Amino acid sequence: MSRILFIGLGNMGAPMARRLADAGHELAVQDLDPDRVAALASASPRIRAAAPEDRARAEVVVTMLPTSDSVEAALEASGLVGELARGTLVVDMSSAEPVRSRALADRLGAAGLRALDAPVSGGVRGAEAGTLAIMVGGEDADVDAVAPMLRELGGTIAHVGGHGAGHAAKALNNLVSAASVVATAEAIRAARSFGIASQRFVEVLNASSGRSVTSEQKAERFMLSGTFDSGFPVGLMNKDVAIAVGLADAQGDPVVLGAHVAKIWAATAERFADADHTRMYELLDRIAVG
Ligand code: NAD
């Protein structure tokens with residue numbers, strides 16, 4: 001079992017940290033929001049608020065933060081890198097920017113630390129159930145070292161390449177997912193306008209070639225129900241889509257559909273960044289895409 005410093009206790013981080021504690025790891029936790037730290041520390045005898053000695057003793061640091069900016073702030077601007085013991089393995093499970101992750105891994109290496117990027121797919125329910133898909137970038141030996149811990153969180157662990165590759169795969173996955181959310185939402189709306197009952201149409205999608213995670217897990221549960229509570233907001237989806245399109249552009253690979261999908265999410269995020277991403281179903285006729 002490992003001594004883990006876990007940073008970022010939001011929609012995803014809190015259930016992931018709880019799972020690791022339930023699996024027997026010792027967790028010291030950190031978040032900008034002290035209420036989140038207190039709530040989690042009271043949830044398990046194996047979780048406590050991180051103190052300076054926990055930072056020095058950590059064998060693994062997990063970050064589950066919104067963006068590359070917040071990851072760099074938590075690790076570097078805070079001075080944490082200087083508090084960690086040499087050889088500590090830093091696993092960034094946030095959905096962050098691949099090029100910045102690669103540079104961060106180099107800087108951590110220069111400070112005597114080891115780094116992996118290991119972002120996830122599967123949402124809050126996947127985090128609670130330990131069924132996340134985890135995409136990992138980094139050195140083989142470091143992936144092997146942390147694989148038992150990752151297996152507590154995910155059903156699929158795919159080592160996709162060197163530093164940054166996990167973050168690249170994650171952003172590109174979310175580009176596909178973001179396109180599917182828009183396509184499914186607008187198809188349900190068009191079917192409804194034509195007089196086809198929405199639930200019936202979703203059943204048709206799920207039995208046909210239009211089937212996807214959106215149609216199977218989001219359409220009825222979050223869109224048609226009107227709950228819009230998947231736990232993943234428009235702002236984070238927009239961030240991921242922008243990363244994916246920026247990455248493809250930088251490689252000289254055109255993303256024709258992706259560029260338009262990015263415009264849709266950017267226009268939505270301008271006004272509705274905090275709305276759940278499944279609310280796209282409702283917002284489609286309220287956004288102006290240039
Ligand atoms: P969230 O906004 O719910 O939580 C982020 C947490 O990080 C907050 O508690 C915040 O206070 C904390 N934080 C921010 N900056 C910090 C800092 N410098 N130091 C310490 N704590 C800090 O986000 P989330 O939904 O848990 O997502 C985390 C990451 O996982 C994001 O990159 C997101 O894109 C990705 N992701 C989210 C989902 C989802 O369904 N929510 C699914 C897959 C991947």
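The C-alpha centres of domain 1 and domain 2 lie 28 Å apart. The model is predicted. The domain assignment gives residues 3-162 to domain 1 and residues 168-286 to domain 2. Where the two meet, domain 1 contributes 12 residues and domain 2 contributes 13 residues. On the domain 1 side of that contact, 6 residues are nonpolar, 5 are polar and 1 is charged.

## Annotated spans

UniProt carries a domain feature over each part of the chain. At residues 4-161 the unreviewed entry places "6-phosphogluconate dehydrogenase NADP-binding". This span is 44% helix and 25% strand. Its end C-alpha atoms are 24 Å apart.

At residues 164-284 the unreviewed entry places "3-hydroxyisobutyrate dehydrogenase-like NAD-binding". Here the chain is 74% helix and 0% strand. The end C-alpha atoms of this span lie 33 Å apart.

## The ligand shell

Which residues come closest to the ligand? They are Gly10, Asn11, Met12, Ser70 and Phe232, out of 27 residues that surround the ligand. The shell is shared: domain 1 and domain 2 each give at least three residues. By class, 13 shell residues are nonpolar, 11 are polar and 3 are charged.

Three elements each supply at least two shell residues: helix H4 (68-77), strand S7 (120-121) and helix H7 (123-129). Which element gives the largest share? H4 does, with 3 residues.

Alanine 77 also sits in helix H4. Alanine 77 is exposed, because just 11 other C-beta atoms lie within 10 Å and the exposed class takes 12 or fewer. The C-alpha atoms of alanine 77 and isoleucine 188 are separated by 46 Å. Along the chain these two residues are 111 residues apart.

## Helix H9

Helix H9 covers residues 165-193. H9 has 29 residues and reaches 42 Å from its first C-alpha to its last. That is close to the 42 Å expected at 1.5 Å a residue. After H9 comes glycine 195, with a positive phi near 100°.

Alanine 168 belongs to this helix. Is alanine 168 buried or exposed? It is buried, because 25 other C-beta atoms lie within 10 Å and the buried class starts at 20. Setting aside residues up to four places away in sequence, alanine 168 touches Pro98 and Leu247. From alanine 41, alanine 168 is 127 residues away in sequence and 33 Å away in space, C-alpha to C-alpha.

## Strand S2

Leucine 27 lies in strand S2, residues 26-30. Leucine 27 counts as buried, because it has 23 C-beta neighbours inside 10 Å and 20 or more are required. Its contacts beyond four places in sequence are Ile4, Phe6, Ala17, Leu20, Ala21, Arg46 and Ile47. Leucine 27 and alanine 49 are 22 residues apart in sequence. In space, their C-alpha atoms are 8.5 Å apart.

## Two loop positions

Phenylalanine 228 is in the loop between helix H11 (213-224) and helix H12 (234-251). What is the phi of phenylalanine 228? It is near 45°, a positive value in a residue other than glycine. Most residues other than glycine have a negative phi. Phenylalanine 228 is partly exposed, because its 17 other C-beta atoms within 10 Å fall between the exposed limit of 12 and the buried limit of 20.

Alanine 207 sits in the loop between helix H10 (198-206) and H11. Alanine 207 counts as exposed, because it has 10 C-beta neighbours inside 10 Å and the exposed limit is 12. Alanine 207 and alanine 43 are 164 residues apart in sequence and 41 Å apart in space, C-alpha to C-alpha.

## Burial of the residues discussed

| Residue | C-beta atoms within 10 Å | Class |
|---|---|---|
| Alanine 168 | 25 C-beta atoms | buried |
| Leucine 27 | 23 C-beta atoms | buried |
| Phenylalanine 228 | 17 C-beta atoms | partly exposed |
| Alanine 77 | 11 C-beta atoms | exposed |
| Alanine 207 | 10 C-beta atoms | exposed |

Notes:
Residues are numbered from 1 along each chain as its sequence is written. This is a predicted model: local features need pLDDT of at least 70, side-chain atom pairs count only at pLDDT 80 or more; totals for chains, interfaces and linings use all residues. Domain bounds come from an automatic or database domain assignment. Two residues are in contact if their C-beta atoms, placed from the backbone, lie within 7 Å. Ala, Val, Leu, Ile, Met, Phe, Trp, Tyr, Cys and Pro count as nonpolar, Asp, Glu, Lys and Arg as charged, and the others, Gly among them, as polar. A residue is near a molecule or strand if its C-beta atom, placed from the backbone, lies within 6 Å of it. Helices (H or I, at least four residues) and strands (E, at least two) are DSSP runs, numbered from the N terminus. UniProt positions are given in the numbering used here, feature names are shortened, and annotations may be inferred rather than shown by experiment. The expected span of a helix is 1.5 Å times one less than its number of residues.
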